[in-house]
Amino acid sequence: LPRVKAEMLIGDSHGLSFDYLRFDEDWAGSASGDTVYEGRPVSGTITADADLRLEMARFAYKWWMGKEKNAFGVGLGAAYLRAKISGSAEANLSASNPVENYSFSGSAEGSDSVWAPTVELAWRHQLNEQWRFYVDASGIKKNGGTIEGHIWNGAVGVEWFPHKNVGLVLDYNVQKIDLHRNGDRTADLDLKLKGPSAFVKVRF
């Protein structure tokens, strides 16, 4: 998944954080078969494809506490969510006695976006000038309106800086997305993303 994260420290205790990620997945399938309809042999094939794109951006203010090599952060902010799904399908049927061929096709798409509050928690431990460990957790909750649901995220990682301003970040991240769309056409999105991530980090 493409992802961009940024943090800025203001003084000793205040900071701003930004996080953006995009999930984009395609599905495609086909099926074929034969049957008898009203006494006539019928055969056909159907193909379908769909694309789901989910974008999420979070911006939060963080208050940092701690001393020496440990720091704890609590953040409050806002998150922007946008989901879009599109799909198409095509079917081809043929019948005998007499021979007849039929073709059907169609496509559709829909999208929604919403703002929601977010809460963030963070812990940083500096082992030395080159190594630092961290734990991040965040939650987004939206009640009422067209989109309802929640998103929570947790990550455990390590930062290594062989140079003063450029380093490598490795972490293991788990993200649970559970959203429901209200209205004339309802929809549910239940998605769990987990696995390792690698980042190049630049600090000033």
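## A walk along nine strands

Start at the turn between β2 and β3: the two strands form a hairpin with two residues between them, and E38 in that turn has a positive phi of about 55°. Strands here, like helices, are DSSP runs numbered from the N terminus (helices are H or I, at least four residues; strands are E, at least two).

Before you go on, a word about what you have open. This is a predicted model, in which local features need pLDDT of at least 70 and side-chain atom pairs count only at pLDDT 80 or more, while totals for chains, interfaces and linings use all residues. Residues are numbered from 1 along each chain as its sequence is written, and side-chain values use heavy atoms, with hydrogens and water left out.

Now colour by pLDDT, the predictor's confidence in each residue, from 0 to 100. The mean for the protein is 91, and 100% of the residues reach 70 or more. Among the elements, β2 (residues 14–37) has the lowest mean, 90, and β6 (residues 131–142) the highest, 94.

**Zoom out.** Show the whole chain as a cartoon. You'll find nine strands and zero helices, so to speak a plain β-β-β-β-β-β-β-β-β when read along the sequence. Along the principal axes, the C-alpha atoms fill a box of roughly 85 × 40 × 20 Å. The radius of gyration is 24 Å, whereas a compact globule of 204 residues would have one near 17 Å; the radius is taken over C-alpha atoms, and the globule rule is 2.2 Å times the number of residues to the power 0.38. Of the 204 residues, 27% count as buried (buried is under 20% relative accessible area, exposed over 50%, partly exposed in between, with a 1.4 Å probe and protein chains only).

**Back to the N-terminal end.** Select residues 3–10, which are β1, and add β2: the two run antiparallel and are joined by eight bridges. Two strands count as paired if DSSP finds at least two bridges between them. Pick A6 and look across to F18 in β2, which stands opposite. Three residues separate the strands of this hairpin, where G11 takes a positive phi near 70°.

Next, add residues 40–67. That's β3, which pairs with β2 in the antiparallel sense over 24 bridges. Click D26 and you'll see D51 of β3 opposite.

**The surface patch.** Select Y61, W63, M65, F72, V74 and L121 and switch on a surface. Together they form a nonpolar patch with about 550 Å² of accessible area. Patches are made of residues with over 30% relative accessible area and no salt bridge, like charges being joined within 9 Å and nonpolar side chains (Val, Leu, Ile, Met, Phe, Trp, Tyr) within 5 Å. Areas come from the Shrake-Rupley method with a 1.4 Å probe, and for residues only the protein chains shown count as cover; a salt bridge is a side-chain nitrogen of Lys or Arg within 4 Å of a carboxyl oxygen of Asp or Glu. Both β3 and β4 (70–95) supply at least two residues, and the largest share, three residues, comes from β3. One of the patch members, Y61, lies in β3 and is partly exposed, at a relative accessible area of 37%.

**On to β7.** Select residues 147–160. In a regular strand the side chains alternate between the two faces of the sheet. Colour the covered face of β7 first: I147, G149, I151, N153, A155, G157 and E159. Then colour the uncovered one: E148, H150, W152, G154, V156, V158 and W160.

Now bring in the neighbours. β6 and β7 run antiparallel, with twelve bridges joining them, and K141 has H150 as its bridge partner in β7. Four residues lie between these strands in their hairpin, where G144 takes a positive phi near 80°. Finish with β8 (residues 166–181), which pairs with β7 in the antiparallel sense over 14 bridges. G154 stands opposite V174 in β8, and a hairpin joins β7 to β8 through five residues.
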